[in-house]
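The following exercises concern a contact between chains, a pair of helices and a sheet. Please work through each task before reading its solution.

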Amino acid sequence: MDDKGISLLETVAIRNVGKLNYKAVQELKSTGTLDSSCHISLGYLKSVLKNCSLSDRTSVGVRECINNTYKINHAIEKYIGIIEKEKLWIIPSYDKDYPYEWKNLTGMPEIVFAKGNKNILSDITSSGAVSIVGSRKPGRYAEYATEEFSKNISLEGIAIVSGLALGIDASAHKACLKAEGKTVAIIPCGADGVYPYQNIDLYREISAKGVIISELPPGEPVIKQYFPARNRLISALSDSCLIMEAGMYSGTLHTASFAAAQGKDVFVLPNSIYSENSIGGLELLRDGAEVLIDSDTVIERVRGEVEKRRMLMGSSFPEKNKSGERTIEVLRTLAKKNKDLLSEKEWKRVVLDEISAKPINIDDLSSVLAIPISFLASLVSELETTNQIENRQGKYVLTIPRR
Amino acid sequence: MSSKVNVVKVHTSFLDGMAPQLALIEVSITPGLPTFDVIGLCDSSIRESRGRIGPALVASGFNMPKGHITVSITPAYMKKTGTSFDLPIAIGMLIASRQLPIDSSVYASGEIGLDGSVHGTPSATLRLKLIPDDYSFVFIPEDEIDAAKCVEIKAMPIDHLTRIKELLVEGNYQPVSFNLDSLSSSVIDVPDFSCVKGQSKAIRGLLIAASGLHNIMLLGSPGCGKTMAGKIMSGIMPPLTGPEIGDVYSIMEAAGLKDDPEEDFSLSDRRPFRYIYPGMSKGRILGNPSKLMPGELAIANHGVLFADEIFEYKKDILEALRIPLEDHVVRMSKDGRNYAFPASFVFVAAGNPCKCGMLYEEGKRCTCTPQVRKNYLNRLSGPIKDRIDIYAEMRSISSENMISSVTVSDSVINEDMKQMVKAAWDIQRSRYNDAVFNGTCINADADLFRASSEVVSHAAAISEDEGFSARGFGKILRVGRTIADLDGREDMCKADVYEAGIYRKRDW
């Protein structure tokens, strides 16, 4: 564990064990004494107490922390032990792997702990994510729909975010893993903990193929009151939120209202009015949530969000994905100068890139790319069969806006 | 009072429908008042022969025999027509009246003029096909030399009855062995390639269509070079082979193209390029059953049938194309008998993609509403659309595109394409052992095509995605096979069927 990691853990311990709350941290920030990375150390707390005039409540909190130095140091050691054993990583908010969507919202954690495939988290910026949440005891209908939507959406390369709970959450994760998609579980306990324990197998699979995130420090047990707070992270990480089934007082409704407040699209799977377990969802529909009918709408919406993000981020938008594929700029150059180096898959990307610029006739495409029509035709045909492009009035266009 | 009836036999042949049939002409001359009877289900054109034979014999220095002349043509139960019986009847009469000193077998056919000149008659190739080579004397009109070359027979061409005397009386009979060796390969003037420059999809489509005899449809604005592209087609196909030359020649004869001044009628190894347009009569396109006259479809056998403005044809003509496009024969029935003309051609259809025709054009705006466009395209029925293997869009090209797309000279492309088509044909010949092509073979057999189950499943995926019929699925395999043949590959691969898919898909 390096110094940076330890100082991050110190911050976490002060916040959690020392019970320094959000308001207090905001106040400390406003004094201008915190550095850009917002690390709070015990030494810093002592100096700030000496040099700055703080509000009563904050200074009480800070003093409390200083008094509990032993506890805090003990907690840090415990964290280090778990992190090294469970191979967790710490992601502070200024890290490049920290989800871009979280950076833009207030009330998001300064530091999160994660386990699993780090790439998935950073890829979400360019691939988009959909959260799928719902009842822990779903009807067969909602469960079936969950599997379908999760599969279809993850086949498009979009990440599936959920909370590893029983029922809908678990189905969504499972279907995504089955389709070899990217899945993210945001859990209501330390990233090393499994809740509920029935999902231990799923937890293991996700920590191998997907990613598990928690803002709680390692080793933290489940606190019921924390559930809604966890839900805000689920909705914030995703571009669209799918409510598969929600009863009248379901926690799922929290996720929906967070999503709405965060400006995400909320889709609700319509269900029978006689099903107790879906009244909450139907109420959401009455309040103006969107009806979930087909996955294409969702995919299209997510792609739109990604497109928006690309515009906002400009050059910092990650063109190159982590699996080591060549960036499209490289491919464009190679396509002109060194055609032999490109694989069929890469040619497809070049073709898509060309088509995304403007609708184009296959003859023009062949002369622009300067590749034989026979090869191009088979590429274009395959893209068309896999529904990535379509022929509209003799010209090829993308079926859906792409990243 | 019995006298020995003097019967002379002369061989000839006639056409029963489209089937050649040998006939035996028996001539007997008995003393009595001069009469001339022709019997054996003959029509008036044969019975009129007496009017021509009399003066012709006199004009050629023979005598018209005196007495009852009876000419019987067997088999007597078959209906016969045509004037090619003139010459054998005349020869029979001359032998019977002992003006010609022969008693061995004679074959003759031809029409005689009043001055004794001998003329050819239609459908000579089909008739001559049947002649066995054991006749002592074979006479054919000089006009039919080309036909004789097609069927490679040994015969003596004559242009006048007096020649008979020279040959038989003076013993100068020296038959000529006709064959196609002397036929020089015709130079095919294919249109300038620049008119289809930059239309890579259309060119590739034409190349595939020519290689595997697939039906192709070219869609584009008026004047974008569709007709030219169609003409290039016949130019890149290998020349006709021996038997095919005969087939083509005979059907052209049967269709009466010999007498049509508009037609370039000659014996050559050039593939037929038949152009049909919406104003043509149904009889001309499909053939006339009452006369058993082959139409353009049959004439295009072994060649290219170019249907211009495909959306403008009358419905009945279009729908009648269904069977020829699928089975590659044109069927006719006359007097309760069925006749089939082979019609194995590449079908090239051309049309506009919408009513104003500008749909695929850059810059110029198509003014058709979707409904107008739909109505226009719906003139072509589903079954006809289903029979097209390759759809290629074309548009007028800008000079910029021309430069960027083509760097090699036209003749090189032309020659290259010829070579590729020829190579693909050779592969197919070895596959089917016959003049069958990927586009015309009966079944799209995955084993024969050497398509692995993976390739087949890709083809199935494309078909399912596009909602193709079973035929459409087969077409994808066929076109894919041709693409593999063009590449010279034994096994089909995934890219083949995907490429085939793009030609088959259409956005309407």
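Two residues are in contact if their C-beta atoms, placed from the backbone, lie within 7 Å. The model used throughout is predicted.

**Exercise 1. The contact between the chains**

Task: Determine how many residues the contact takes from chain B and from chain A, and which helices of chain B each supply at least two residues of the side that touches chain A.

Solution:
1. Chain A contributes 19 residues to the contact, and chain B contributes 24 residues.
2. On the side of chain B that touches chain A, at least two residues each come from helix H7 (200-212), helix H16 (399-405), helix H18 (453-466) and helix H20 (494-504) of chain B.
3. H20(B) provides the largest share of this side, with 5 residues.
4. Sorted by class, the side of chain B that touches chain A comprises 9 nonpolar, 8 charged and 7 polar residues.

**Exercise 2. A helix pair in chain A**

Task: Describe how helix H17 (residues 362-369) of chain A and helix H18 (residues 373-385) of chain A cross, and state which residues meet.

Solution:
1. The axes of H17(A) and H18(A) come within 10 Å, and their crossing angle is roughly 120°.
2. Angles of 65 to 115 degrees count as roughly perpendicular and those over 145 as roughly antiparallel; H17(A) is therefore oblique to H18(A).
3. The crossing of H17(A) past H18(A) is right-handed.
4. From H17(A), Ile362(A), Leu365(A), Ser366(A) and Leu369(A) meet Ile373(A), Leu376(A), Ala377(A) and Val380(A) of H18(A).
5. The residues of this contact are 7 nonpolar and 1 polar, with no charged residue.

**Exercise 3. A sheet in chain B and its helices**

Task: Establish the strand order and pairing of the open sheet of 5 strands in chain B, and identify which strands H7(B) touches.

Solution:
1. In chain B, the strand order of the open sheet is E12-E15-E18-E11-E19, and the pairing is parallel.
2. Strand E12 (273-276) and strand E19 (390-394) of chain B are the edge strands, each pairing on one side only.
3. On average, neighbouring strands of this sheet are turned by 20° against each other, direction ignored.
4. Within the sheet, strand E15 (residues 304-307) and strand E18 (residues 346-351) of chain B run parallel and are joined by 4 bridges; Leu305(B) has Phe347(B) in E18(B) as its bridge partner.
5. H7(B) packs on the sheet, where it touches strand E11 (216-220), E18 and E19 of chain B, and its direction makes about 150° with that of E19(B).
6. Helix H8 (residues 226-236) of chain B lies across E11, E12, E15, E18 and E19 of chain B and runs at about 170° to E18(B).

Key: Residues are numbered from 1 along each chain as its sequence is written. Chains are lettered from A and ligands numbered from 1 in the order in which they are written. This is a predicted model: local features need pLDDT of at least 70, side-chain atom pairs count only at pLDDT 80 or more; totals for chains, interfaces and linings use all residues. Ala, Val, Leu, Ile, Met, Phe, Trp, Tyr, Cys and Pro count as nonpolar, Asp, Glu, Lys and Arg as charged, and the others, Gly among them, as polar. Axes are lines fitted to C-alpha atoms, for helices over the stretch in contact, and angles run from 0 to 180 degrees between N-to-C directions. Angles under 35 degrees count as roughly parallel, over 145 as roughly antiparallel, 65 to 115 as roughly perpendicular and the rest as oblique. A crossing is left-handed if the near helix is turned anticlockwise from the far one by less than a right angle, and right-handed if clockwise. Two strands pair if DSSP finds at least two bridges between them.
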